[in-house]
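Student: Please take a close look with me at one part of this structure, its interior. I would like to follow it step by step.

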Amino acid sequence: MEKNFNKATFAGGCFWCMVKPFDQWDGVESVISGYTGGHIDNPSYEDVKTGNSGHYEAVQIIYEPDKISYQQILDLYWPQIDPTDDGGQFHDRGPQYRTAIFYHDQEQQQLAEASKQGLQASNRFKKDIATEILPASTFYPAEAYHQDFYKKNKQEYEEDRAKSGRDAFIEENWD
């Protein structure tokens, strides 16, 4: 039987921290770190980190919808971020670290908008939800050394994540 795969694309600050939460779920084929939403073709990390290319650091998740739904992936996404911060995420500041959900079809758009509205209505946060919902555009995979960073550079990943403030925020606001 042939497998059917879909794409989900999310920006949640530093892409190193956005791979592991999705990578460990049954039905997720791969999680690719990369860049999307900018105005130059084939950007490099050097281009994106300046904040001038218009790109977001993002992850593209290739998943099997028969095993994990887009709604389940959305439900995994929100607790990885501070959805009220429009200036970056945690210690990573600048437009390249903003949060966004990039939809690939009308169903994804509708589910993303409904989940954002639900989060806003929950009053979990005092500030408005700033995460944008945008149409997917060209996704450029990041350089090889950024892929699966949490596996290949475990100590550096854990140190960076610990000092970022992400885990403390998650524990305080989501757990």
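Tutor: Let us begin with a term: two residues are in contact, or touch, when heavy atoms lie within 4.5 Å. This is a predicted model, in which local features need pLDDT of at least 70 and side-chain atom pairs count only at pLDDT 80 or more, while totals for chains, interfaces and linings use all residues. Residues are numbered from 1 along each chain as its sequence is written, and side-chain values use heavy atoms, with hydrogens and water left out.

Start with Phe22, which touches Phe10, Val28, Val31, Ile61, Ile73, Leu76 and Tyr77, leaving aside residues up to four places away in sequence. Phe22 belongs to the largest nonpolar core (buried Ala, Val, Leu, Ile, Met, Phe, Trp, Tyr and Cys residues joined through side-chain atoms within 4.5 Å), which has 42 residues and in which Phe10, Phe22, Ile61 and Ile101 have the most contacts. Apart from this there is a second core of six residues, among them Ala11, Tyr56, Ala58 and Phe102. Buried here means under 20% relative accessible area, exposed means over 50%, and partly exposed lies in between, with a 1.4 Å probe and protein chains only.

Ile61 leads us to strand E3, residues 56-63 (strands, E, of at least two residues and helices, H or I, of at least four are DSSP runs numbered from the N terminus). Eight of the eight residues of E3 are buried, so the strand is largely enclosed by the rest of the structure. In a regular strand, side chains alternate between the two faces of the sheet. In E3, Tyr56, Ala58, Gln60 and Ile62 point one way, whereas Glu57, Val59, Ile61 and Tyr63 point the other way, and all are buried.

E3 also has pairing partners, where pairing requires that DSSP finds at least two bridges between two strands. E1 runs antiparallel to E3 and is joined to it by five bridges, with Asn6 standing opposite Tyr63. Strand E2 (residues 28-36) pairs with E3 in the antiparallel sense over eight bridges, and here Thr36 stands opposite Tyr56.

Glu57 of E3 is also one of the residues that Cys14 touches, together with Asp92, Tyr97 and Arg166, again not counting residues up to four places away in sequence. Cys14 is found in the loop between strand E1 (6-12) and helix H1 (16-23), and its relative accessible area of 8% makes it buried. An unreviewed UniProt entry annotates Cys14 as "active site"; such positions use the numbering given here, feature names are shortened, and annotations may be inferred rather than shown by experiment.

The aromatic rings complete the view. Rings of Phe, Tyr and Trp (its six-membered ring) pair if their centres lie within 6.5 Å, and planes under 30 degrees apart count as stacked, over 60 as edge-to-face and the rest as tilted. The structure holds 11 aromatic pairs. Trp16 and Phe149 form a stacked pair, 3.6 Å centre to centre with 5 degrees between the planes. Because Trp16 lies in helix H1 and Phe149 in helix H5 (residues 149-152), the pair ties together parts that are 133 residues apart in sequence. Both Trp16 and Phe149 are buried. Phe125 and Phe169 form a stacked pair too, with 6.1 Å centre to centre and 5 degrees between the planes. Phe125 is buried at a relative accessible area of 11%, and Phe169 counts as buried at 16%. Finally, returning to our starting point, ring pairs link Phe10, Phe22, Tyr70, Tyr77 and Trp78 into a cluster.
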